[in-house]
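Student: I have just opened this entry and would like to go through it piece by piece. Could you help me read it?

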Amino acid sequence: MKEFNYTITDPEGIHARPAGLFVKQAAGFPCAVTIIKDGKEADAKRILGVMGLGVKQGQQITIRTDGDQEAEAAEALEKFFKENL
């Protein structure tokens, strides 16, 4: 299992366009990918789960990858957040 924390810098938080791109990227890995905010967890491969967390600018999230290719997934998703959110 790999984890990393990220503080959202986008003024609109995790909104529809980047959420869709994030879900698409997470779905490209065979491992389980979970997004966590304030103790609530959601499957990062499901757009409604990601959007349902309502992540705003300045809030910290945790991304957890578990399973096959977890290290590659964590690295790619952390890069995605730094470039897009």
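**Sheet, helices and a few residues**

Student: Which residue in E4 is the bridge partner of Ile-36?

Tutor: The bridge partner of Ile-36 in E4 is Thr-62. Please keep in mind that this is a predicted model, in which local features need pLDDT of at least 70 and side-chain atom pairs count only at pLDDT 80 or more, while totals for chains, interfaces and linings use all residues. Residues are numbered from 1 along each chain as its sequence is written, and side-chain values use heavy atoms, leaving out hydrogens and water.

Student: And what stands opposite Ile-36 in E3?

Tutor: In E3, Glu-41 stands opposite Ile-36. The strands named here (E, at least two residues) and the helices (H or I, at least four) are DSSP runs numbered from the N terminus.

Student: What is the strand order in the sheet?

Tutor: The sheet is open and has four strands in the order E1-E4-E2-E3, with antiparallel pairing; two strands count as paired if DSSP finds at least two bridges between them. E1 (2-7) and E3 (40-43) are the edge strands, each with a single partner, so one side of each has no neighbour in the sheet. On average, neighbouring strands are turned by 25° against each other, direction ignored.

Student: How many bridges join each pair, starting with E1 and E4?

Tutor: Six bridges join E1 to E4, and one residue to look at there is Thr-7, whose bridge partner in E4 is Gln-60. E2 and E4 are joined by five bridges, and E2 (residues 32-37) pairs with E3 over four.

Student: Thr-34 caught my eye; is it buried or exposed?

Tutor: Thr-34, which lies in strand E2, has 16% relative accessibility and therefore counts as buried. The cut-offs are under 20% relative accessible area for buried and over 50% for exposed, with partly exposed in between (1.4 Å probe, protein chains only). The bridge partner of Thr-34 in E3 is Asp-43. Not counting residues up to four places away in sequence, Thr-34 touches Glu-41, Ala-42, Ala-44, Thr-62, Ile-63 and Arg-64, where contact means heavy atoms within 4.5 Å.

Student: New topic: what is special about the phi of Asp-38?

Tutor: Asp-38 is not a glycine, and yet its phi is positive, at about 50°. Most residues other than glycine have a negative phi. Asp-38 belongs to the E2 and E3 hairpin, which has two residues between its strands, and with a relative accessible area of 67% Asp-38 is exposed. Gln-69 is also not a glycine and has a positive phi, of about 65°; Gln-69 lies in the loop between E4 and H3 and is partly exposed, with a relative accessible area of 36%.

Student: What about the helices, then: at what angle do H1 and H3 pack?

Tutor: H1 (residues 16-27) and H3 (residues 70-84) pack at about 165°, and their axes are 10 Å apart. Axes are lines fitted to C-alpha atoms, for helices over the stretch in contact, and angles between N-to-C directions run from 0 to 180 degrees. The two helices are therefore roughly antiparallel, a label for angles over 145 degrees, whereas under 35 is roughly parallel, 65 to 115 roughly perpendicular and the rest oblique.

Student: Which residues make that contact?

Tutor: On H1 they are Pro-18, Leu-21, Phe-22, Gln-25 and Ala-26, and on H3 they are Ala-76, Leu-77, Phe-80 and Phe-81. Within this contact Gln-25 touches Ala-76, Leu-77 and Phe-80, again leaving out residues up to four places away in sequence, and at 28% relative accessibility Gln-25 counts as partly exposed.

Student: And Leu-77, buried or exposed?

Tutor: Leu-77 is buried, with a relative accessible area of 0%. Leaving aside neighbours within four places in sequence, Leu-77 is in contact with Phe-4, Phe-22, Gln-25, Ala-26, Val-33, Ile-63 and Thr-65. Its C-alpha is 15 Å from that of Ala-42, with their positions 35 residues apart in sequence.

Student: Last one: which strands does H3 touch?

Tutor: H3 packs on the sheet and touches E1, E2 and E4 (60-66), and the direction of H3 makes about 5° with that of E1.
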